[in-house]
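Visitor: I would like to know how the labels on a model like this one are earned. Please take me through a few of them.

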Amino acid sequence: MGRGPVQLRRIENKINRQVTFSKRRNGLMKKAHEISVLCDADVALIIFSTKGKLFQYSTGDRMEQILEKFQRYSLAEKAVSETETVSQDILSNNCVIIKSKIEALQKNQRHLMGEELDSLTMKELQHLEQQLEASLKQIRTRKDKVYHDCIAELHQKEKLLEEENSSLEKLLAKGREKEMPTQQMLSGKQTQAQTKPLLASTLMVTDSLTALNIGSVNCGSHNPSTEV
């Protein structure tokens, strides 16, 4: 039969309690030594008996070094923990502040839209009216500036178009001046071509008239001879 599970409670019998303490203490120190050798770990074990007697084990008798290392680690961990706690508190406070600001802005926006005005006093309503008037003044000023800028831009575009139109007119005038001598030459050639047939026909008519005159003279010279 195997041994049953041991109940974890204080042993009332003093002798049994002392025996169990000695056995478990030796076993715990043996386990500490084994883990330090097998795993190459720094191990420090401190045990105080009920009478206040100290029992300890450390890897390579480096109890003080291990305790200093533990103390540094504990302080660093505590500082990190405190920093995280402070950071969480700051973030929580910031969230609350930002949330309240958002609610105030949303409420002010509803008031500017003319909503939820019943809870406002006369002074608050007057202040809201002044805010709206100042906003309208700024809006009108901005609108007038935009109008003036648009008009100035249109005038500038108009001026540029007029300059481009003037440049195009000058180019057209120069092109016409260059085309005029060519047209004059073409018109002169056409006039010469038209006068040549007229001259030829005139010469032909003149020749025919001359021939007729000569014939009439010959006829007149033969008539007296016939009569004689």
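Guide: What follows is a short set of questions about a predicted model.

Visitor: What makes β1 and β2 a pair of strands?

Guide: Two strands pair if there are at least two bridges between them. Five bridges join β1, residues 44–48, to β2, residues 54–58, so the two count as paired. The two strands run antiparallel, and Ile 47 of β1 stands opposite Phe 55 in β2. They form a hairpin with five residues between them. In the turn, Gly 52 has a positive phi of about 90°.

Visitor: Which side chains of β1 are buried?

Guide: Leu 45 and Ile 47 are buried and point to one face. Ala 44, Ile 46 and Phe 48 point to the other face and are not buried. In a regular strand the side chains alternate between the two faces of the sheet.

Visitor: Why are Met 29, Ala 32, Val 43, Leu 45, Ile 47, Phe 55 and Tyr 57 called a nonpolar core?

Guide: The name applies because these seven residues are buried, of the nonpolar kinds allowed, and joined through side-chain atoms within 4.5 Å. They make up the largest such core. Helix α1 (14–39), β1 and β2 each supply at least two of its residues.

Visitor: How do you know that Val 43 is in contact with Ile 66?

Guide: Contact means heavy atoms within 4.5 Å, and Ile 66 is among the residues listed for Val 43 once neighbours within four places in sequence are left aside. Others on that list include Ala 32, Ile 35 and Tyr 57.

Methods
Residues are numbered from 1 along each chain as its sequence is written. This is a predicted model: local features need pLDDT of at least 70, side-chain atom pairs count only at pLDDT 80 or more; totals for chains, interfaces and linings use all residues. Side-chain values use heavy atoms; hydrogens and water are left out. Buried means under 20% relative accessible area, exposed over 50%, partly exposed in between (1.4 Å probe, protein chains only). Helices (H or I, at least four residues) and strands (E, at least two) are DSSP runs, numbered from the N terminus.
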